[in-house]
Amino acid sequence: MLRILKGNDYGDMSRIAANVIFAQITMKPDSVLGLATGSTPIGAYEQLIKYYEKGNLDFSHVTSVNLDEYRGLDEASDQSYRYFMNKHLFEHVNINMEETNVPDGKEPDAAKECLRYDNLIENLGGIDLQLLGLGNNGHIGFNEPGQVFEKGTHCVDLAESTIEANSRFFNSIDEVPTQAYTMGIGNIMSAGKILIVVSGEGKADIVKKAFFGPITPQVPASILQLHKDVILVGDEAALSKI
């Protein structure tokens, strides 16, 4: 089932998304949260920090599992997703850092790391709420357009469009890693609830294609049409074509 919640602008959209996560933690304090990086979720994280600072939100029993990490980057690198999560959320709330999980980008054995991450998610009992962004090409996590839906955690060669989109975070496009470890579509689809956040006119076309077009691995996010509980939160611009 798809529910669509519209905010007037990015700030409004971020507050709505944060309120969904707030409600999840309030109802189940020991929630397993699947978390995402990228520019879109930052506003939601900022709002969650405000709720925590006001004494309205307690992260002490929460476990987090991040969607993905660049292969080859150390967690101390300021471009790693571990660094991103520390900077934008973990260091500002009372989450137990030992209960925050991100794929190990420095593990050279891809098969070993992917199996470890799949086992970790399984041993946690699965993900209660999975937060997602949406790539311009329809990717979720780093599940790029392809011939099949990848089920479990895997090592992916990043699409040129993804490398280009992420180059704004690096000094040059040559510094952007070309591979990443990412949860698979199966991991994402097994979450109890999915919250996907979209912002800006540039996402309007892919939102329409992902949620109202055919289900195809060429648009990885289209598989979300089959999930039982999806909340799509966007601003007016991103939702303007649906």
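Student: In strand 8, which residue is the bridge partner of D157?
Tutor: Let's start by saying that this is a predicted model. Strand 7 and strand 8 run antiparallel, and 4 bridges join them. Looking across from D157 into strand 8, we find its bridge partner, Q179.

Student: And which residue in strand 8 is the bridge partner of Y70?
Tutor: Strand 8 covers residues 179-182, and 3 bridges join strand 4 to it in the antiparallel sense. One residue to look at is E69, which stands opposite Y181 in strand 8. For Y70, the bridge partner in strand 8 is A180.

Student: In what order do the 3 strands form the open sheet?
Tutor: Strand 8 is joined by bridges to strand 4, and it is also joined by bridges to strand 7. The pairing in this open sheet is antiparallel, and the order is 4-8-7.

Student: Which are the edge strands, each pairing on one side only?
Tutor: Reading the order 4-8-7, we look at the two ends. Each of the strands there pairs on one side only, so the edge strands are strand 4 and strand 7.

Student: By how many degrees are neighbouring strands of this sheet turned against each other on average?
Tutor: The sheet is the open one in the order 4-8-7. With direction ignored, its neighbouring strands are turned against each other by an average of 25 degrees.

Student: Do strand 6 and strand 9 pair in the parallel or the antiparallel sense?
Tutor: There are 4 bridges between strand 6 and strand 9, which covers residues 193-198. As one example, L132 stands opposite I196 in strand 9. The sense of this pairing is parallel.

Student: Which residue in strand 6 does G34 stand opposite?
Tutor: Strand 2, residues 32-35, runs parallel to strand 6, with 2 bridges between them. In strand 6, L129 and L131 point one way while Q130 and L132 point the other way, and all are buried. The residue that G34 stands opposite is Q130.

Student: Which helix gives the most to the largest nonpolar core?
Tutor: That core has 60 residues, and I140, L195, I196 and L224 touch the most other members. With 7 residues, the element that gives the most to this core is helix 1.

Student: Which residues does L195 touch, not counting those up to four places away in sequence?
Tutor: L195 belongs to the largest nonpolar core and is one of the residues that touch the most other members. Leaving out residues up to four places away in sequence, L195 touches A17, V20, I21, L129, Q130, L131, L132, I231 and V233.

Student: How many residues are in the other core, which lies apart?
Tutor: This core lies apart from the largest one, and its members include Y70, L158, F170 and V176. Its size in residues is 10.

Student: Why is the pair of F22 and Y51 counted as edge-to-face?
Tutor: It is one of 5 aromatic pairs in the structure. The ring centres of F22 and Y51 are 5.0 Å apart and the planes stand at 65 degrees, so the pair is edge-to-face. The pair links distant parts of the chain, with F22 in helix 1 and Y51 in helix 2, 29 residues apart. Planes over 60 degrees apart count as edge-to-face, and here the angle is 65 degrees.

Student: Is F22 buried, partly exposed or exposed?
Tutor: Its partner Y51 is buried, with a relative accessible area of 15%. For F22 the relative accessible area is 24%, and buried would need under 20%. F22 is therefore partly exposed.

Student: Which residues form one aromatic cluster?
Tutor: Take the tilted pair first: the rings of Y70 and F142 have their centres 5.8 Å apart and their planes at 40 degrees. Y70 lies in strand 4 and F142 in the loop between strand 6 and strand 7, 72 residues apart. Both Y70 and F142 are buried. The full cluster is Y70, Y81, F142 and F170.

Student: Within what arc do the buried residues of helix 7 fall?
Tutor: In helix 7, residues 204-212, the buried residues are A204, I206, V207, A210 and F211. Seen down the helix axis, they line one face, because they fall within an arc of 160 degrees.

Technical notes
Residues are numbered from 1 along each chain as its sequence is written. This is a predicted model: local features need pLDDT of at least 70, side-chain atom pairs count only at pLDDT 80 or more; totals for chains, interfaces and linings use all residues. Side-chain values use heavy atoms; hydrogens and water are left out. Rings of Phe, Tyr and Trp (its six-membered ring) pair if their centres lie within 6.5 Å; planes under 30 degrees apart count as stacked, over 60 as edge-to-face and the rest as tilted. Buried means under 20% relative accessible area, exposed over 50%, partly exposed in between (1.4 Å probe, protein chains only). A nonpolar core is a set of buried Ala, Val, Leu, Ile, Met, Phe, Trp, Tyr and Cys residues joined through side-chain atoms within 4.5 Å. Contact means heavy atoms within 4.5 Å. Two strands pair if DSSP finds at least two bridges between them. Axes are lines fitted to C-alpha atoms, for helices over the stretch in contact, and angles run from 0 to 180 degrees between N-to-C directions. The arc is that of the directions from the helix axis to the C-beta atoms.
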